[in-house]
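Here is a friendly tour for someone meeting this structure for the very first time. Have a look at the picture, then follow the text from the surface to the inside.

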Amino acid sequence: MPVEEFVGYEDLIRFMEEKRLCALKGDIVEIGAYMGGGTAKLAAYVRPYGKKVYAVDTFDPRLDDTRGKGGVRAGDVYQAFLNGRSMLEAYREATRGLDNVVTLQQDSRQVAFRRGQRFCFGFVDGCHQQSYVENDFRLIWTRLVPGGAVGLHDYAFDDWPEVTTAVDGLIAAHAGEIGEIHALTGKHGIVTIILVKE
Ligand SMILES: C[S@@+](CC[C@H](N)C(=O)[O-])C[C@H]1O[C@@H](n2cnc3c(N)ncnc32)[C@H](O)[C@@H]1O
């Protein structure tokens with residue numbers, strides 16, 4: 001079965017390559033791993049650099065109660081794409097054999113990294129509510145090394161307007177710490193905003 005992901009992680013990896021992010025200290029963190037297709041791509045890419053991918057997800061598609069603009073419930077969308085499969089089993093299958101994946105089966109608000117944990121790249125595609133996007137950004141940004149980057153998926157995407165509100169607010173609040181801002185258009189024309197830390 002092909003490894004599914006819904007972002008276009010090759011574009012993220014191309015960005016990491018262009019910016020030589022793996023030459024920096026720190027690991028990778030992904031919030032919102034879903035079926036693990038993107039986790040597997042990130043892990044395979046960073047493995048030769050001795051880096052880990054911390055993948056955060058509740059792995060329960062029923063839990064996300066976020067309502068999209070048209071009233072659609074995020075959890076129902078995740079269940080529909082799983083087509084009866086278990087999310088955790090699909091994820092385990094996609095990431096099998098990748099010994100640099102660290103799986104954190106948790107609500108992202110409950111995640112606590114060890115003291116001294118640093119990241120060179122983080123990707124946020126978990127719960128699309130404003131408070132979660134802000135939480136997930138903070139979780140990464142406070143541990144991001146200088147020159148490192150964080151990607152925020154679903155910017156300016158009609159279905160999840162709170163992501164755009166959150167990202168605009170974060171850019172304004174952290175303007176003095178942001179060296180570069182990039183917009184990557186990935187699968188289905190959906191934009192990831194990437195903020196590079198000074
Ligand atoms: C849009 S999907 C991620 C898709 C994935 N990036 C890909 O391209 O395959 C969002 C994921 O976030 C997870 N999620 C939602 N709320 C969460 C929360 N509070 N904490 C952790 N994960 C959460 C869902 O379970 C779901 O797997």
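Histidine 188 is exposed, with 68% relative accessible area. You'll find histidine 188 in the loop that links strand 6 and strand 7. Its backbone has a quirk too: histidine 188 is not a glycine, yet its phi is positive, at about 60°. Keep in mind that this is a predicted model.

Arginine 20 shows a positive phi as well, about 50°, and it is not a glycine either. Look for arginine 20 in the loop between helix 1 and strand 1, the strand that covers residues 27-31. With a relative accessibility of 60%, arginine 20 counts as exposed.

**Into the core**

Now for the inside. In soluble globular proteins, nonpolar side chains tend to be buried together. Here, the largest nonpolar core holds 33 residues. Leu12, Met16, Ile28, Leu42, Val46, Phe121 and Ala149 are the ones with the most contacts inside it. Which elements give two or more residues to this core? They are helix 1 (9-18), helix 2 (37-46), helix 4 (87-95), strand 2 (53-57), strand 4 (119-124), strand 5 (144-155) and strand 7 (191-197). There is also a second, separate core of 28 residues, and Leu144, Leu152, Tyr155 and Leu170 are among its members.

Phenylalanine 121 is a good place to pause. Setting aside neighbours within four places in sequence, phenylalanine 121 is in contact with Leu12, Met16, Leu21, Asp27, Ile28, Val29, Leu144, Ala149 and Gly151.

Alanine 43, in helix 2, is buried, and its relative accessible area is 0%. Leaving out neighbours within four places in sequence, alanine 43 has contacts with Val53, Leu98, Asn100 and Val101. Take valine 101: it is 58 residues from alanine 43 in sequence, while their C-alpha atoms are 6.4 Å apart in space.

**Rings and charges**

A pair of aromatic rings is described by the distance of the centres and the angle of the planes. The count for this model comes to 10 aromatic pairs. One of them is formed by tyrosine 54 and phenylalanine 119, an edge-to-face pair with 6.0 Å centre to centre and 80° between the planes. Why does this pair tie together parts that are 65 residues apart in sequence? Because tyrosine 54 lies in strand 2 and phenylalanine 119 in strand 4. Both tyrosine 54 and phenylalanine 119 are buried. Elsewhere, Phe6, Tyr34, Tyr78 and Phe81 make up one aromatic cluster.

Some charged side chains lie over ring faces, as this table shows:

| Charged residue | Ring it lies over | Distance to ring centre |
|---|---|---|
| Arginine 109 | Tyrosine 132 | 4.1 Å |
| Lysine 197 | Tryptophan 141 | 5.3 Å |

Arginine 143 is another charged residue to find. It belongs to the loop between helix 5 (130-141) and strand 5. Arginine 143 is buried yet has no salt bridge. How far away is the nearest side chain of opposite charge? That side chain is aspartate 136, and it is 10 Å away. Because a salt bridge needs a side-chain nitrogen of Lys or Arg within 4 Å of a carboxyl oxygen of Asp or Glu, that separation doesn't qualify. Not counting residues up to four places away in sequence, arginine 143 touches Phe113, Gln117, Arg118, Phe119 and Arg138.

**Along strand 6**

Let's finish with two residues of one strand. Isoleucine 178 is part of strand 6, which covers residues 178-185. Is isoleucine 178 buried or exposed? It is buried, with a relative accessible area of 10%. Apart from neighbours within four places in sequence, isoleucine 178 is in contact with Trp141, Leu170, Ile171, Leu195, Val196 and Glu198. Glutamate 198 is 20 residues from isoleucine 178 in sequence, and the C-alpha to C-alpha distance is 5.5 Å.

Histidine 182 is in strand 6 too. It counts as partly exposed because its relative accessibility is 25%. Its contacts, again without neighbours within four places in sequence, are Phe15, Lys19, Thr192, Ile193, Ile194 and Val196. Glycine 36 is 146 residues from histidine 182 in sequence, and in space they are 25 Å apart, C-alpha to C-alpha.

Technical notes:
Residues are numbered from 1 along each chain as its sequence is written. This is a predicted model: local features need pLDDT of at least 70, side-chain atom pairs count only at pLDDT 80 or more; totals for chains, interfaces and linings use all residues. Side-chain values use heavy atoms; hydrogens and water are left out. A nonpolar core is a set of buried Ala, Val, Leu, Ile, Met, Phe, Trp, Tyr and Cys residues joined through side-chain atoms within 4.5 Å. Buried means under 20% relative accessible area, exposed over 50%, partly exposed in between (1.4 Å probe, protein chains only). Helices (H or I, at least four residues) and strands (E, at least two) are DSSP runs, numbered from the N terminus. Contact means heavy atoms within 4.5 Å. Rings of Phe, Tyr and Trp (its six-membered ring) pair if their centres lie within 6.5 Å; planes under 30 degrees apart count as stacked, over 60 as edge-to-face and the rest as tilted. A charge sits over a ring if NZ of Lys or CZ of Arg is within 6 Å of the ring centre and within 35 degrees of the ring normal. Lys and Arg count as positive and Asp and Glu as negative; His and the chain ends are not counted.
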